[in-house]
Number of protein chains: 2
Amino acid sequence: MQTRTLPAEATYTIGIDLGATKIEAALVDSKGCIVEKLRTPTEAPGGPDHVIEIAVSMISTFFLRDASSPVGPIGVGVAGQVDSDNGVVRRAPNLDWRDFPIRERLEAAVRLPVAVLNDVQAITYGECRRGVGRGISNLVCVFAGTGVGGAVVIGGKLLRGSSGTAGEFGHMTIERDGPPCSCGNRGCLEAFVGGWAIAQRARQKVAAEPTRSAELLRLAGGDVAKISAALVGQAATQGDALARALVEETGATLGAGLAAIVNALNPELLILGGGIIEGFPDLIEIAQRELGRRALASALKPLRVVRSKLGADAGVIGAALFARENARERKISGPE
Amino acid sequence: MQTRTLPAEATYTIGIDLGATKIEAALVDSKGCIVEKLRTPTEAPGGPDHVIEIAVSMISTFFLRDASSPVGPIGVGVAGQVDSDNGVVRRAPNLDWRDFPIRERLEAAVRLPVAVLNDVQAITYGECRRGVGRGISNLVCVFAGTGVGGAVVIGGKLLRGSSGTAGEFGHMTIERDGPPCSCGNRGCLEAFVGGWAIAQRARQKVAAEPTRSAELLRLAGGDVAKISAALVGQAATQGDALARALVEETGATLGAGLAAIVNALNPELLILGGGIIEGFPDLIEIAQRELGRRALASALKPLRVVRSKLGADAGVIGAALFARENARERKISGPE
């Protein structure tokens with residue numbers, strides 16, 4: 001067995017953001033600055049081992065580029081429910097993974113310690129260390145992209161929960177008998193605010209009222225099946241009436257979900273981010289108005305609502321810093 | 001100014017559970033055992049100062065009974081949103097209090113340090129120190145009585161939130177456009193599962209279908225207006241069809257709310273208690289079935305659902321122990 005010994009203080013760590021459609025990897029210094037960033041499609045249909053091969057080849061690129069600088073542990077944020085203690089992805093519906101021992105596989109391949117966490121937990125970690133959450137001890141992040149995820153920081157520490165899945169705000173019930181969700185439940189926040197749900201609703205509405213959504217239909221090349229959440233955002237910006245109504249509805253539902261979170265956790269800061277938040281005009285304002293109407297006055301009083309600061313880089317920065325602070329002590333044994 | 005100096009280790013502390021209808025006060029030893037307990041109506045319509053007079057006279061009773069034993073700080077759990085840091089009850093709708101400086105008033109009267117917290121936080125503190133939550137570091141309590149409250153313990157510590165109102169699970173949205181709640185929002189968990197909401201729904205249903213609820217109507221002396229949540233529980237136990245349906249409905253909605261909480265916080269233990277939980281036959285089983293259907297498998301895996309162990313004493317025990325561990329250092333100055 002070979003054991004690679006880590007330098008006491010690694011110059012760089014590597015952060016990986018492993019999503020359903022793309023993998024991003026970055027070489028990150030101890031201050032959380034990105035030295036280099038790579039991006040490639042996930043090729044999820046090839047299966048988890050194929051995805052790991054892609055990630056390993058991205059990591060190798062960094063090693064080859066600068067072999068003289070010591071590289072420390074690797075952090076991986078995965079879009080799914082992650083058991084960080086055991087380094088296992090329990091369930092990642094969009095990757096079609098179940099109980100995949102990602103840490104073991106990666107460590108065997110690269111012989112560096114690996115720390116794994118949920119992708120929104122990684123983003124939140126980044127925002128706390130280097131972004132808009134610096135110095136705040138109680139905060140909540142809600143990210144709306146294809147899915148809706150979240151993370152909680154209490155007393156300056158990321159809340160992992162007893163099996164690593166704390167912060168799954170996307171699967172809070174917002175309507176008892178609402179539309180079915182990807183998780184098997186009904187009426188979850190994600191089933192209203194997730195990109196897949198918005199696209200689904202948009203397609204139904206456009207099919208029913210094509211004249212009300214000329215712009216959206218034009219952007220989709222006249223093909224209802226091509227309507228995506230991103231196109232809804234674009235069409236709303238350009239004044240499409242139906243798209244605009246969808247944004248209003250999405251914002252109001254998001255606001256109801258945020259009120260539940262704010263009442264339950266009474267955070268000082270609520271950080272919002274992700275493709276839907278970024279791509280839908282006025283969404284934060286609409287959601288905040290609804291939040292103000294619905295949440296308890298005493299919970300609203302200390303609250304600030306802000307936009308994610310690190311944007312698309314938060315995931316890799318957070319994963320890299322998380323690895324630096326959480327994976328250092330482990331010794332890795334690889335095959336001979 | 002007089003200053004009362006506390007003994008280094010008080011033999012007893014006093015715990016007070018200040019609810020909308022009754023005040024309970026107990027002399028509690030350092031192990032959390034109740035030495036003596038008193039109970040009296042709150043007389044809330046008399047206003048907050050009148051209520052404080054009642055509480056002070058209960059405290060005096062303990063002093064008079066055993067003047068030789070050193071009595072330490074006093075803990076008060078209040079049914080409302082409490083700013084513990086400042087010792088202020090921000091809002092207690094059922095007491096009709098708003099921004100009442102309860103700590104200052106009580107300390108001035110009894111010249112002992114007082115610690116204030118929310119009533120369900122006090123109950124949870126009791127369950128963690130001496131009840132079913134001993135040794136568990138991540139747990140959630142949900143109590144359903146007239147209202148629905150909750151509390152969160154993370155890393156063995158009670159989560160207070162940034163203004164002391166963390167754990168207001170009763171005001172999580174369960175149905176976006178559901179029935180109005182006492183908090184001003186719509187479709188809150190409390191608007192389905194709180195005693196007031198159940199009574200309201202029962203009255204409407206009985207008025208509409210009196211033949212389906214012979215037993216419930218009989219228990220209410222034939223007067224629809226006298227139907228309470230407690231009578232619904234009794235009637236359900238005795239086989240009343242309408243009451244039984246109400247219990248099923250309440251359990252299913254509670255289960256949907258619990259799923260949201262479990263997904264968001266991924267606790268190891270979920271403690272359920274309160275008058276509705278105790279008085280409605282099979283409610284925990286119905287709620288647990290729904291929870292099992294709705295929550296994420298990875299969040300359900302580590303979860304145990306249990307009934308409160310300390311029952312009606314949890315509040316005073318928790319408040320007394322909380323005061324012992326949190327209020328000791330403060331020095332109190334009273335009027336000359």
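# Exercises on a Predicted Two-Chain Model

B:D282 is found in chain B, within the loop that joins α9 (275–279) to α10 (283–294). The model is predicted, and the exercises below treat its loops, a sheet, a helix pair and the contact between the chains.

## Exercise 1. A loop residue in each chain

Determine the sign of phi at B:D282 and classify the exposure of this residue.

**Solution.**
Step 1. Phi of B:D282 is about 65°, a positive value, although the residue is not a glycine.
Step 2. Count the neighbours: 15 C-beta atoms lie inside 10 Å of B:D282. A residue is buried at 20 or more such neighbours and exposed at 12 or fewer. B:D282 therefore counts as partly exposed.
Step 3. Turn to chain A. A:D282 is placed in the loop between α9 (275–279) and α10 (283–294) of chain A. Its phi is near 65°, which is positive, and A:D282 is not a glycine. With 15 C-beta neighbours inside 10 Å, A:D282 is classed as partly exposed.

## Exercise 2. A glycine in a loop of chain B

Is B:G135 buried or exposed?

**Solution.**
Step 1. Locate the residue: B:G135 belongs to the loop between α3 (119–130) and β10 (139–144) of chain B.
Step 2. Within 10 Å there are 7 other C-beta atoms, so B:G135 is exposed.
Step 3. Consider a distance as well. B:G135 and B:G156 are 21 residues apart along the chain, and 7.7 Å separates their C-alpha atoms.

## Exercise 3. The sheet of chain A

Describe the five-stranded open sheet of chain A and identify the helices that pack on it.

**Solution.**
Step 1. Write the strand order, which is β4-β3-β2-β5-β9, with mixed pairing.
Step 2. Find the edges. β4 (34–41) and β9 (114–118) of chain A each pair on one side only, and these are the edge strands.
Step 3. State the twist: neighbouring strands of this sheet are turned by 15° against each other on average, direction ignored.
Step 4. Examine one pair. Strand β3 (residues 22–29) of chain A joins β4(A) in the antiparallel sense through seven bridges. Within β4(A), A:K37 stands opposite A:A26.
Step 5. Add the helices. Helix α1 (residues 48–65) of chain A packs on the sheet and touches β2 (12–18), β3, β4 and β5 (71–78); its direction makes about 30° with that of β3(A). Helix α12 (residues 314–326) of chain A also packs on the sheet, touching β2, β3, β4, β5 and β9, and its direction makes about 130° with that of β2(A).

## Exercise 4. Two helices in contact

Classify the packing of α8(A) and α10(A) by angle and by handedness.

**Solution.**
Step 1. The two helices pack at an angle of about 45°, and their axes are 7 Å apart.
Step 2. Angles under 35 degrees count as roughly parallel, and 65 to 115 as roughly perpendicular. α8(A) and α10(A) are therefore oblique to each other.
Step 3. The crossing of α8(A) past α10(A) is right-handed.
Step 4. Residues of α8(A) in the contact include A:V247, A:L254 and A:V262, while those of α10(A) include A:L283, A:I286 and A:R294. The contact residues divide into eleven nonpolar, four polar and four charged.

## Exercise 5. The contact between the chains

How many residues does each chain give to the contact, and which element of chain A gives the largest share?

**Solution.**
Step 1. Chain A gives 39 residues and chain B gives 39 residues.
Step 2. On the side of chain A, the elements that give two or more residues are β7 (88–92), α8 (241–265) and α11 (297–300).
Step 3. The largest share, seven residues, comes from α8(A).
Step 4. By character, the residues on this side of chain A are 17 nonpolar, 14 polar and eight charged.

Technical notes:
Residues are numbered from 1 along each chain as its sequence is written. Chains are lettered from A and ligands numbered from 1 in the order in which they are written. This is a predicted model: local features need pLDDT of at least 70, side-chain atom pairs count only at pLDDT 80 or more; totals for chains, interfaces and linings use all residues. Helices (H or I, at least four residues) and strands (E, at least two) are DSSP runs, numbered from the N terminus. Two strands pair if DSSP finds at least two bridges between them. Two residues are in contact if their C-beta atoms, placed from the backbone, lie within 7 Å. Axes are lines fitted to C-alpha atoms, for helices over the stretch in contact, and angles run from 0 to 180 degrees between N-to-C directions. Ala, Val, Leu, Ile, Met, Phe, Trp, Tyr, Cys and Pro count as nonpolar, Asp, Glu, Lys and Arg as charged, and the others, Gly among them, as polar. Angles under 35 degrees count as roughly parallel, over 145 as roughly antiparallel, 65 to 115 as roughly perpendicular and the rest as oblique. A crossing is left-handed if the near helix is turned anticlockwise from the far one by less than a right angle, and right-handed if clockwise.
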